[in-house]
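Me: I am new to this structure and would like to go through some of its parts. Please show it before we begin.

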Amino acid sequence: MVSRIRVRIAVVLCLAFLLGCGGPSLGPPPESEVRVVREELHGVTVEDPYRWLEDGESAESEAWINAQASYTRDYLDGLQHRQAIRDRMAEILASGSISTPDEAGGRYFYSRRDGGQDQPVVYMREGLHGEDVALLDPNEMSSDGTTTVDWYVPSKDGKMLAYGKSTEGTETSTMYILEIDTARTLDDVFPKVRFANPQWLRDGSGFYYSRPVDVESIGPGEELYNRRVYLHELGRSFEDDPEVFGDGLEKAHIPDGMLSDDERYLLLDTFLGWGRNHIYVRDVSSGRQTTIAEDGESSYFGEIVGNTLYLLTNSEAPRYRVVAVDLRRPDRANWTTVIPEGDAVIEFASIAGDRLFVGRMRDAHSELHSYALDGSDERQVQLPGLGTVEGFTSKQTSDEAFFSFSTFVQAPTIFRIEVGGTQPEAWQAVSSPVQADDFEVRQVFYESTDGTRVPMFLIAKTGTPADGTVPGMLYGYGGFNIALTPSYSTWIFPWIEAGHVLAIANLRGGSEYGEEWHRAGMLANKQNVFDDFIAAGEHLKAEAIVDPDRLVIHGRSNGGLLVGAALTQRPELWMAAVSGVPLLDMLRYDQFRMAKLWVSEYGTAENAEDFQWLRAYSPYHNVREGIAYPATLIYTADSDSRVDPMHARKMVARLQAADAGEAPILLRYERSAGHGRGKPLYKIADEWADIWSFLFAQI
């Protein structure tokens, strides 16, 4: 049945198109004072007219932010179809969410958000099909819905639950310990740990975990700096916990530990950057530490069974392979390949009982196989279509595993599979107010500027004409070894339900084709990502997939950088652009919050060679005077602990000053919110209502 809200949207949008409604008229934007700062970087004079906006807490910046926010709200709130879009977004978001369960002591722990709840609730289920008990309900922890449970880890016997809680989207977790049967929260509290990854001891007396060395001295977004691995005993102050691993590490290198099931070994790894880490094994009883891999160029993900370490690695295998390392003879010369590299990328390898489950990505969609632990007896798990497997959970001591499966238009279902099986069974599903059969998803391939073949998904209502008359949105990311695969995306429906095309391009920089694809879009190769995106836009127009005069673009975070580069390099190609929580000043990005962690992906202007490519594409530094830029909405959040909102502030000021056109250039500035994680439902609905109503007004 078509809801009244969907009918209302269709009517409003049709009227807007017929009447040529482009949104309310806007006067000139608030004035942004120019205070040029000049500096010499590697022999080049760089001018920065709005550096004063980097200080978001100064009185003058506050006044500027408030003026911009008022200017933006006057425009967005004047869009007549905004409320209808918000109602539809709220309806779709009410489909809820669910995580895969984690079994401990016969209890199943998982999180679920139902209906209009702002945040997911953590549940415990006694037995596979028992009754659910709500353990942690963040909706009752704050009046504004901005408190969230970031993560949780049960003890092995299922009697304790370590969890991280944060507020206002900061992701700055404080860790607490819940004694489940008594519902008592212990006195053990760990501030500013972000994700501590507690590794419980079998007797429940404590755990290994990671945290910053000095929690008092770290600033916003710096919880991943200067970390070490510690051993905590329940009842002891975290300040007295002995350090186990990490002494001498660089500030931005992140150590972590994973305890083997028999508690004989502690697997230790140090994150060096996306696609690179070092890995060690510590004998718990003797304290002897063995180096497994320290090449600094590859990535390693491991799991120990007895004396064997199973490693998923891209060393000598850009699309990954699984190797077995005998910990009694750990030299690389003794490693044996269990699952060789193939033509599809191995995304994960997880042991359940006596089977090794391997998830692959082929042309940006999932496959799932299982093997004996020696790599023999391959079995393909039957998936319900072309989509994405996520959240695979399993245990060496269990005869079952769980995973989530979804597509762009089909809500997630949690599947359970027995260790020796190939036919998974549905364990629990998310209901959805949309019918997947109303839409079609197809994959096309196009050539980038240098001839590279790039895949792209096209999503539209069934029967949408491909005659160059339909508005289109192009979305991308292209970085950090992250793939855009067909997983359920509530945000897309107002756009495609209106009869428009959504294109999602699988740009270089992601993991779609392994580490070579990633490296082809990072550091000195970053321009490849922007070229791929621009070529996608040109393909959509040339093949009459979209109306050439009504193509808009959107991206978030690293994707916000992508939109900024596309906007400044090819402004005439797009009718409108939306850049979310973006990096835009690439000469100074690594001086703010947690961004030093990204130097391995982007480089740093402190290095003369890196400076050359960063300066060449940095969106903030490539805004040109006298260009009629497309309508632009840049949105950011005050509590973003990942990307500092100074990027958005400075870019909007510069675009507004340089623009020679009449299209709106707006800053949406969110208070009490962060990068996106933990955002309450009503704020998500508001955000997307603003984005979609802005774009509908332009097309």
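Reply: On a 1 Å grid over the protein atoms alone, a pocket is an open set of points where a 1.4 Å probe fits, with protein on both sides within 12 Å along at least five of seven lines; lining residues have an atom within 4 Å of a point. Grid points are joined across faces, edges and corners, and a volume is the space filled by probe spheres set on the points. This is a predicted model: local features need pLDDT of at least 70, side-chain atom pairs count only at pLDDT 80 or more, and totals for chains, interfaces and linings use all residues. Residues are numbered from 1 along each chain as its sequence is written, and side-chain values use heavy atoms, without hydrogens and water.

Me: What volume does the second largest pocket have?

Reply: The residues closest to the centre of this pocket are Glu57, Pro220, Arg593, Asp638 and Asp644, out of 24 that line the pocket. The volume of the second largest pocket is about 490 Å³.

Me: How many residues of its lining are charged?

Reply: Asp, Glu, Lys and Arg count as charged, Ala, Val, Leu, Ile, Met, Phe, Trp, Tyr, Cys and Pro as nonpolar, and the others, Gly among them, as polar. The lining of the second largest pocket has 5 nonpolar and 7 polar residues, and its charged residues number 12.

Me: Which residue in S17 is the bridge partner of glycine 257?

Reply: Strands are DSSP runs (E, at least two residues), numbered from the N terminus, and two of them pair if DSSP finds at least two bridges between them. S16 and S17 (residues 265-273) pair in the antiparallel sense over 6 bridges. In S17, the partner of glycine 257 is leucine 268.

Me: Which strands stand at the edges of the sheet?

Reply: The open sheet has 4 strands in the order S16-S17-S18-S19, with antiparallel pairing. Each edge strand has a single partner strand, so one side of it is left without a neighbour in the sheet; these strands are S16 (254-259) and S19 (289-293).
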